[in-house]
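Me: I'm new to reading structures. Please pick one part of this one, zoom in, and take me through it slowly.

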Amino acid sequence: MHLIWALIIGAIIGAIAGALTSKGQAMGWVANIVAGLVGSWVGESLLGHWGPSLAGMALIPSIIGAVIVVVIVSWVMSAMNKKNSF
């Protein structure tokens, strides 16, 4: 049951990060889950485990980490698209 909650909260965190970076329309629900889960790990690794938490994920560091992940992935994808267009 914990895995289901982690996936749901990861999707919500990823959707919030996509909305904050205006990349949410380009990302699907699977990418939102991945961004949320990876972002949670990144955020908690960099900023620690503080603030409110759900499903074992600290929300504020997780959202910040997910924003970092979304920005980096979108930058890499746009760089790859520019490279392939020449």
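Reply: First, a bit of vocabulary: "buried" means under 20% relative accessible area, "exposed" means over 50%, and "partly exposed" is in between (1.4 Å probe, protein chains only). Let's zoom in on serine 62, which counts as buried because its relative accessibility is 0%. Keep in mind that this is a predicted model, where local features need pLDDT of at least 70 and side-chain atom pairs 80 or more, while totals for chains, interfaces and linings use all residues. Residues are numbered from 1 along each chain, and side-chain values use heavy atoms, without hydrogens or water.

Where does serine 62 sit? It belongs to helix α3, which covers residues 59-85. Helices here are DSSP runs (H or I, at least four residues) and strands are too (E, at least two), numbered from the N terminus. The chain has three helices and two strands, and going from the N terminus you meet them as α-α-β-β-α.

Now for the company serine 62 keeps. Leaving out residues up to four places away in sequence, it touches Ile13, Gly39, Ser40, Glu44 and Met57 (contact means heavy atoms within 4.5 Å). Ile13 lies in helix α1, residues 2-20, while Gly39, Ser40 and Glu44 fall within helix α2, residues 29-47. Met57 is in strand β2, which spans 57-58.

Ile13 has another job in the picture: it is one of the α1 residues that meet α2, along with Ala6, Leu7, Gly10, Ala11, Gly14 and Ala15. On the α2 side, the partners are Asn32, Ile33, Ala35, Gly36 and Leu37. By class, this contact has eight nonpolar, four polar and no charged residues (nonpolar: Ala, Val, Leu, Ile, Met, Phe, Trp, Tyr, Cys, Pro; charged: Asp, Glu, Lys, Arg; polar: the others, Gly among them). The axes of α1 and α2 are 6 Å apart, at an angle of about 95 degrees, so the two helices are roughly perpendicular (65 to 115 degrees).

Just before Met57, have a look at alanine 55, in the loop between β1 (53-54) and β2. Its phi is near 50 degrees, a positive value in a residue other than glycine. Most residues other than glycine have a negative phi. Alanine 55 is partly exposed, with a relative accessible area of 22%.

Finally, zoom back out. Buried residues make up 30% of the 86 residues in the chain, and serine 62 is one of the buried ones. Of the contacts with a separation of 6 or more, 52% join residues 24 or more positions apart. The C-alpha atoms fill a box of roughly 45 × 25 × 20 Å along the principal axes.

Notes: Axes are lines fitted to C-alpha atoms, for helices over the stretch in contact, and angles run from 0 to 180 degrees between N-to-C directions. Angles under 35 degrees count as roughly parallel, over 145 as roughly antiparallel, 65 to 115 as roughly perpendicular and the rest as oblique.
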